[in-house]
Amino acid sequence: MFWVKKIISQLFMPVPLLLLLIVLAYLVMRNRRSSKALLVLAATLLVILSSGWGSNWLLAPLEDQYSVNSQPIGKGCLVMVLGSGHDENANLPAVQQLSNTALARLTEGVRQLSLGQDCKLVVSGWSGGLSTRSHADVMFDAAVELGVASQSIIKFPLAKDTIEEAQFMKWEVGDAPFRLVTSASHMPRAMAIFTDAQLNVSAAPTDFAQRETYWWRFDAQNLLNSQRAIHEYMGLLWFKLKHEKEGARS
């Protein structure tokens, strides 16, 4: 189910979707009206998704739900940072192996630690099937490189997605309060999942992707930001449907 979900979701990402529309336009070339409509749709989507105003329009409902959290953390300081990939390279320090998103999350997690005393940091993420090391292990090493004491770090190297991260956290801390760090666009879905698991969680978003830009500027970064938003909307829809289905069974 995990891989089926990943493969199906890829079909709705901007680049695969645009390529699919172009291929369909070619297949129905004899029907000029249908072929033209598909090409116009592909061009329109490309313009919207690769524009600053288009990507910001998609991101805003997600990123505006939670603001930066700089509130002091009380007793039992616990900070969890959700994983987001790395490129394994033994010649590089762990910090430089992290994806831009993972590094943004981890640095915010370290900042959150400074808001409390005797804090513990939780890092998570599996190998993704491509690396010999889990993402949690690389995050662990990167956190140590950034000054976090190794004995203050908890790892979840088997967690494949946010739902499993919530499950591992439930087993580890029960109902103890903790601060959750993830990308601002991912935070609404993460909070829905962690709250549904009856965890005592508060949000600490980072990696905000909305940006000021000229209306006429179209680039790959905007396309990537649009993809990020679409991925989250699909994830929220899938979680809602799954939750409703489980509720109907009970």
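**Entry 1: Ser 183**

I began with the surroundings of Ser 183 and found that, leaving out residues up to four places away in sequence, this residue touches Thr 101, Arg 105, Thr 206, Asp 207 and Arg 228. I note at the outset that the model is a predicted one. Ser 183 belongs to strand S4, which covers residues 178-183, and I looked up its relative accessible area, which is 2%, so that Ser 183 is buried. Of the residues that Ser 183 touches, I followed up Asp 207, and there the two side chains make a polar contact at 2.9 Å.

**Entry 2: helices H4 and H9**

I turned next to the cover of two helices. Helix H4 runs over residues 52-63 and is mostly covered, with 9 of its 12 residues buried. I listed the buried ones as Gly 52, Gly 54, Ser 55, Asn 56, Leu 58, Leu 59, Ala 60, Leu 62 and Glu 63. I also checked the start of H4, where a side-chain oxygen of Ser 51 comes to within 3.0 Å of the backbone nitrogen of Gly 54.

Helix H9, residues 187-196, is likewise mostly covered, and here I recorded 7 of its 10 residues as buried. They are Met 187, Pro 188, Arg 189, Ala 190, Met 191, Ile 193 and Phe 194. Following H9 I came to Gln 198, whose phi is positive and lies near 65°.

**Entry 3: Phe 239 against H9**

I then asked myself which residues Phe 239 touches, not counting those up to four places away in sequence. The list I obtained is Ile 163, Ala 192, Ile 193 and Asp 196. Phe 239 itself sits in helix H10, residues 220-249, and with a relative accessible area of 14% it is buried. For Ile 193, which is one of the buried residues of H9, I looked up the backbone separation as well: its C-alpha atom is 7.9 Å from that of Phe 239, although the two residues are 46 residues apart along the chain.

**Entry 4: salt bridges**

I noted that the structure holds 7 salt bridges, and I looked into several of them. Side chains of opposite charge can pair when their charged atoms come close. Arg 133 and Asp 141 form one such bridge, with their closest N and O atoms 2.7 Å apart. Both partners are partly exposed, since the relative accessible area is 28% for Arg 133 and 26% for Asp 141.

Around Asp 219 I found a linked arrangement, in which Arg 211, Arg 217 and Asp 219 are joined in a network of salt bridges. Asp 219 meets Arg 211 at 3.0 Å, N to O, and its bridge with Arg 217 has the closest N and O atoms 3.3 Å apart. I checked the accessibility of each member: Asp 219 has a relative accessible area of 19% and therefore counts as buried, the limit being under 20%. Arg 211 is partly exposed at 27%, and Arg 217 is also partly exposed, at 41%.

**Entry 5: aromatic pairs**

My lookup of aromatic rings gave a count of 4 aromatic pairs. One of them is formed by Phe 156 and Phe 168, whose rings are stacked, with 5.6 Å from centre to centre and 25° between the planes. Phe 156 lies in strand S3, residues 153-156, and Phe 168 in helix H8, residues 162-173, so this pair ties together parts that are 12 residues apart in sequence. I found Phe 156 buried, at 4% relative accessibility, whereas Phe 168 is partly exposed, with a relative accessible area of 21%. With Trp 171 added, Phe 156 and Phe 168 form one aromatic cluster.

**Entry 6: a nonpolar patch**

Last, I looked at the surface and asked which residues make the nonpolar patch of about 660 Å². They are Leu 20, Val 23, Leu 24, Tyr 26, Leu 27, Val 28 and Met 29. I took Leu 24 as a sample member: it lies in helix H2, residues 14-27, and counts as partly exposed at 34% relative accessibility. I kept in mind here that an α-helix has 3.6 residues a turn, so residues three or four places apart point the same way.

How values were computed. Residues are numbered from 1 along each chain as its sequence is written. This is a predicted model: local features need pLDDT of at least 70, side-chain atom pairs count only at pLDDT 80 or more; totals for chains, interfaces and linings use all residues. Side-chain values use heavy atoms; hydrogens and water are left out. Patches are made of residues with over 30% relative accessible area and no salt bridge: like charges are joined within 9 Å, nonpolar side chains (Val, Leu, Ile, Met, Phe, Trp, Tyr) within 5 Å. Accessible areas come from the Shrake-Rupley method with a 1.4 Å probe; for residues, only the protein chains shown count as cover. A salt bridge is a side-chain nitrogen of Lys or Arg within 4 Å of a carboxyl oxygen of Asp or Glu. Helices (H or I, at least four residues) and strands (E, at least two) are DSSP runs, numbered from the N terminus. Buried means under 20% relative accessible area, exposed over 50%, partly exposed in between (1.4 Å probe, protein chains only). A polar contact is a pair of N or O atoms within 3.5 Å; within protein, one must be able to donate a hydrogen and the other to accept it, and residues adjacent in sequence count only if both atoms are side-chain atoms. Contact means heavy atoms within 4.5 Å. Rings of Phe, Tyr and Trp (its six-membered ring) pair if their centres lie within 6.5 Å; planes under 30 degrees apart count as stacked, over 60 as edge-to-face and the rest as tilted.
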